[in-house]
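Colleague: Got a minute to walk me through this one? I'd like to go helix by helix and then look at the odd spots.

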Amino acid sequence: MDWSQSLRLIAPEETLSIAGLVLLLIAAWGGDKSSRLISILAVAALAAASFLVAPALCGGAMGPDTSAFFGQFRADAFASYAKILIYISAAASLVIAPKFFDRFDAMRAEYPVLVVFAALGMGIMVSAGDLLTLYIGLEMNSLAAYVLAAFLRTDDRSAESGLKYFVLGSLASGILLFGMSLTYGFTGTTSFSGINAALSSGLSHGALFGIVFMLAGLAFKISAVPFHMWTPDVYEGAPTPVTTFFATAPKVAALGLTMRVMLDAFGEQAAAWQQIVIFISLASIVVGALGAIGQSNIKRLMAYSSINNVGFMLIGLAVATPQGASAMLVYLAIYVAMSLGGFVAILMLKDENGNYVEDIAKLAGLSRTRPALALGLAMIMFSLAGIPPLFGFWGKFVVFQAAVQANLIALAAIGIAASVIGAFYYLKIVKIMYFDEAADVVKGENDIWHKIILVASVVFISPLGYLLTKWLGGLADAAAAALYFSF
């Protein structure tokens, strides 16, 4: 093995590791008053890491040249695609945080450091080529996430969400670890390529149980039904910038890791897990849609929306083809933009005293009191519902198209029918904002960064987003091809 080549391939991870340690020292010396400086430096580190991974994506990197440390780490185009989405999401979560935490006098220097280390763990997750690498990245991300969920110590909801996330996350990690041990026991290797080769000659009952347990553990991480129970409580209780982070970066990492494990390690036995993924996909679509209908808190509604959208993305995984993987990645990029815009809009809902408004009923008549904010939130809701001509429609279209091309017509038809249910609760918010009598509650002033991110998200999901379809599709195709490349 060429050590210099391996060290070159992990340059983004080295950058974030060094940056995280340096920022930790600054936090120790400077205290909470240095939190702004640390946030700026953390965003710079994430931007530098994005710059380092971009060439691999643009060049469609794949094959042995992207393998580091005896195949334990893969710096291919697929990993680069996921990492760029992760780093953008993490940077946005840092930019929007100070205004929120200052309201509670709770902006601490540890916040940006935890986000950087979580991003580092997520980068390792999507680059994993071995079960051991997978688990190291997963736990690095999870340990930071547990602390972030309970970051607002003056809020009982935040403490509760952190505890629930920790307990249930630990259980899911145990299930995943048990599945990994079964897989190792019945294949004799922890390498994804080795597992793929071992399963090419047939699937034993023990290995099948390993696949099922690993898929169950991963389903928790992506908040897919029936392992979704933690999502609404954690999304509602965690500080909104942290919820924004959870809804984007870890979602990308978990879905990317699921794709890597299922299509790479277990790709030879797709028939064994395809039916499970189809069930999880349809169940997530239906439960996410039905669960959101009765919600009165907008953050809980967005949690069920996340479950619903994960179901649509899993249709691409269920297809188990390069076209399905590419469609899933296109949807993922659009979903990140919609989620960032949605949660930033929620951050901008404040009353005259600066208190955050989460009750959906209090948004009544928002179009007459804050027309620009109402328009942005309405466009995000329409896009999440997949209503053309907004860009969210394209995400659903490509995954359904991939399913039809793979002759999974029934799956596509059920998915399309179920998406109609989801449209109801999105349209309900638009109806409350535009047709109900004005409650005139949302009056607070907003940070310039919130406005910038909301405008950028709205422009991306607007019909102008269709100008990017060829470019985004090309990047997704390159990433999917790297995932399917056989070493």
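**Helix H18 and its surroundings**

Modeller: Let's start with H18, where Gly392, Gly395, Lys396, Val398, Val399, Phe400, Ala402 and Ala403 are buried. Keep in mind that this is a predicted model.

Colleague: What do the buried residues of H18 pack against?

Modeller: They pack against H14, helix H15 (322-347), H17 and helix H19 (409-435).

Colleague: And how does the span of H18 compare with what 1.5 Å a residue should give?

Modeller: It agrees: the 14 residues should span 20 Å, and the end C-alpha atoms of H18 are 21 Å apart. Just after H18, Asn407 takes a positive phi of about 65°.

Colleague: You listed Lys396 among the buried ones. Which ring does its charged end sit over?

Modeller: The ring of Phe312, with the charged end of Lys396 4.6 Å from the ring centre.

Colleague: What about Met313, where is that?

Modeller: Met313 is in helix H14, which covers residues 298-319. It counts as buried because its relative accessibility is 0%.

Colleague: Which residues is Met313 in contact with, leaving aside its neighbours within four places in sequence?

Modeller: Leu255, Met328, Tyr331, Leu332 and Tyr335. As for H18, Met313 and Gly395 are 82 residues apart in sequence, yet their C-alpha atoms are 8.6 Å apart in space.

Colleague: Switching to aromatics. How many aromatic pairs does the structure hold?

Modeller: There are 23 aromatic pairs. One of them is Phe220 with Trp230, a tilted pair at 5.2 Å centre to centre with 35° between the planes. Phe220 lies in helix H10 (residues 205-221) and Trp230 in the loop between H10 and helix H11 (231-237), so the pair ties together parts 10 residues apart in sequence.

Colleague: Are those two buried or exposed?

Modeller: Phe220 is buried, and so is Trp230. Now look at Phe391 and Phe460: their ring centres are 5.5 Å apart and their planes are at 70°, so that pair is edge-to-face.

Colleague: Where in the chain do Phe391 and Phe460 come from?

Modeller: From distant parts, 69 residues apart. Phe391 is in the loop between helix H17 (371-385) and helix H18 (392-405), while Phe460 is in helix H20 (residues 448-461).

Colleague: Why does Phe391 count as buried, and why does Phe460 count as partly exposed?

Modeller: Phe391 counts as buried because its relative accessibility is 0%. Phe460 counts as partly exposed because its value is 22%, and the cut-off for buried is under 20%.

Colleague: Which residues do ring pairs link into a cluster?

Modeller: Tyr146, Tyr165, Phe166, Phe220, Trp230, Phe245 and Phe246.

Colleague: OK, on to H12. How many of its residues are buried?

Modeller: 26 of the 26, so H12 is largely enclosed by the rest of the structure.

Colleague: Where does H12 bend?

Modeller: At Lys251, by about 30°. The span still agrees with expectation: the 26 residues of H12 (residues 240-265) should cover 38 Å, and the end C-alpha atoms are 36 Å apart.

Colleague: I had my eye on Asp264. What does Asp264 touch?

Modeller: Asp264 lies in H12 and touches Arg74, Phe192, Asn196 and Met259, not counting residues up to four places away in sequence. Asp264 is buried, with a relative accessible area of 9%.

Colleague: Time for the odd backbone spots. Where are the cis peptide bonds?

Modeller: One runs from Val225 to Pro226, with omega near 5°, and Pro226 is in the loop between H10 and H11. Another joins Pro388 and Pro389, with omega about 10°, and Pro389 is in the loop between H17 and H18.

Colleague: And positive phi outside glycine?

Modeller: Phe70 is one, with phi near 60°, in the loop between strand E1 (67-68) and strand E2 (73-74). Phe70 is exposed, with a relative accessible area of 65%. Ala320 also has a positive phi, about 60°, in the loop between H14 and H15.

Colleague: Last thing: which residues does the UniProt domain annotation cover?

Modeller: The unreviewed UniProt entry has "domain: NADH:quinone oxidoreductase/Mrp antiporter transmembrane" over residues 128-422. In the model, that stretch is 77% helix and 0% strand, with its end C-alpha atoms 34 Å apart.

Note on methods: Residues are numbered from 1 along each chain as its sequence is written. This is a predicted model: local features need pLDDT of at least 70, side-chain atom pairs count only at pLDDT 80 or more; totals for chains, interfaces and linings use all residues. Side-chain values use heavy atoms; hydrogens and water are left out. UniProt positions are given in the numbering used here, feature names are shortened, and annotations may be inferred rather than shown by experiment. Helices (H or I, at least four residues) and strands (E, at least two) are DSSP runs, numbered from the N terminus. Rings of Phe, Tyr and Trp (its six-membered ring) pair if their centres lie within 6.5 Å; planes under 30 degrees apart count as stacked, over 60 as edge-to-face and the rest as tilted. Buried means under 20% relative accessible area, exposed over 50%, partly exposed in between (1.4 Å probe, protein chains only). A charge sits over a ring if NZ of Lys or CZ of Arg is within 6 Å of the ring centre and within 35 degrees of the ring normal. Contact means heavy atoms within 4.5 Å. The expected span of a helix is 1.5 Å times one less than its number of residues. The bend at a residue is the angle between axes fitted to the seven residues ending there and the seven starting there.
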